[in-house]
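Thanks, everyone; I would like to use these few minutes to go through one model, with the salt bridges as the main topic. Please have the picture in view as I talk.

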Amino acid sequence: MIEYVRGELTDLTPALATIEAGGVGYGLNISLNTYTSIQGKKEAKLYVYESIREDAYVLYGFASKREREMFQLLITVNGVGTNTARMMLSGMSVSELCAAISTGNAKLIQSIKGIGKMTAQRIIVDLRDKIVALGLTDEIPAGGTLTAPVNNAVRDEAVAALTMLGFSPAPSQKVVVDILSNQPTLPVEQVVKLALKQIK
């Protein structure tokens with residue numbers, strides 16, 4: 001399994017990046033978001049998803065793990081293939097897509113080429129809880145709007161620590177986000193201590 005490829009960016013188009021690493025040129029299919037992230041750079045590091053079929057071996061490259069995680073979630077939805085998922089991540093950022101899924105905005109998802117009403121609704125139903133559990137977005141309050149941005153690095157470390165202690169990711173995520181929304185400068189260990197008192 002290839003986790004990532006890092007090396008000289010020898011060729012770049014809005015759909016394909018070629019990275020030379022160890023004398024091998026890897027052609028990676030990319031989204032427009034990744035294209036924008038690496039455009040103009042001499043070297044690049046892309047996280048890889050390998051699509052292995054009977055007739056093809058295709059690599060997809062992502063500028064961030066978050067984008068790759070979103071891609072992997074999207075292709076679990078019935079009716080969403082790798083090309084459709086890449087199209088979605090070209091039409092919207094991960095944050096925008098998470099917000100649309102979290103708030104049930106099917107019309108916004110349908111605005112992406114190739115996504116019909118049924119597929120948009122299926123994406124929302126299948127992925128709404130998963131994007132929270134994986135930490136791709138913050139828990140959505142009753143009003144249906146995203147909570148204030150929090151320190152993602154601290155949040156992720158705190159949730160990982162709580163998960164290792166045996167707590168489920170989704171409730172851990174909710175408590176951690178609540179703590180950081182009120183006290184955004186807290187270090188990880190303080191967040192974990194507070195969370196341990198609050199998690200049910």
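Glu3 is partly exposed, with a relative accessible area of 29%, where buried means under 20%, exposed over 50% and partly exposed in between, with a 1.4 Å probe and protein chains only. Its partner is Arg68, which is buried at 8%, and the two side chains meet in a salt bridge at 2.8 Å, N to O, the term meaning a side-chain nitrogen of Lys or Arg within 4 Å of a carboxyl oxygen of Asp or Glu. Because Glu3 sits in the segment before strand E1 (4-12) and Arg68 in helix H2 (residues 65-74), the pair ties together parts that are 65 residues apart in sequence; helices here are DSSP runs of H or I with at least four residues, and strands are runs of E with at least two, numbered from the N terminus.

I should say that this is a predicted model, in which local features need pLDDT of at least 70 and side-chain atom pairs count only at pLDDT 80 or more, while totals for chains, interfaces and linings use all residues. Residues are numbered from 1 along each chain as its sequence is written, and side-chain values use heavy atoms, with hydrogens and water left out.

By this rule there are four salt bridges, among them Lys174 with Asp178 at 3.5 Å, N to O. Those two are four residues apart in helix H8 (residues 169-182), so about one helical turn separates them. Arg53 and Asp55 also meet, at 3.4 Å, N to O; Arg53 is partly exposed at 42%, whereas Asp55 is exposed at 66%.
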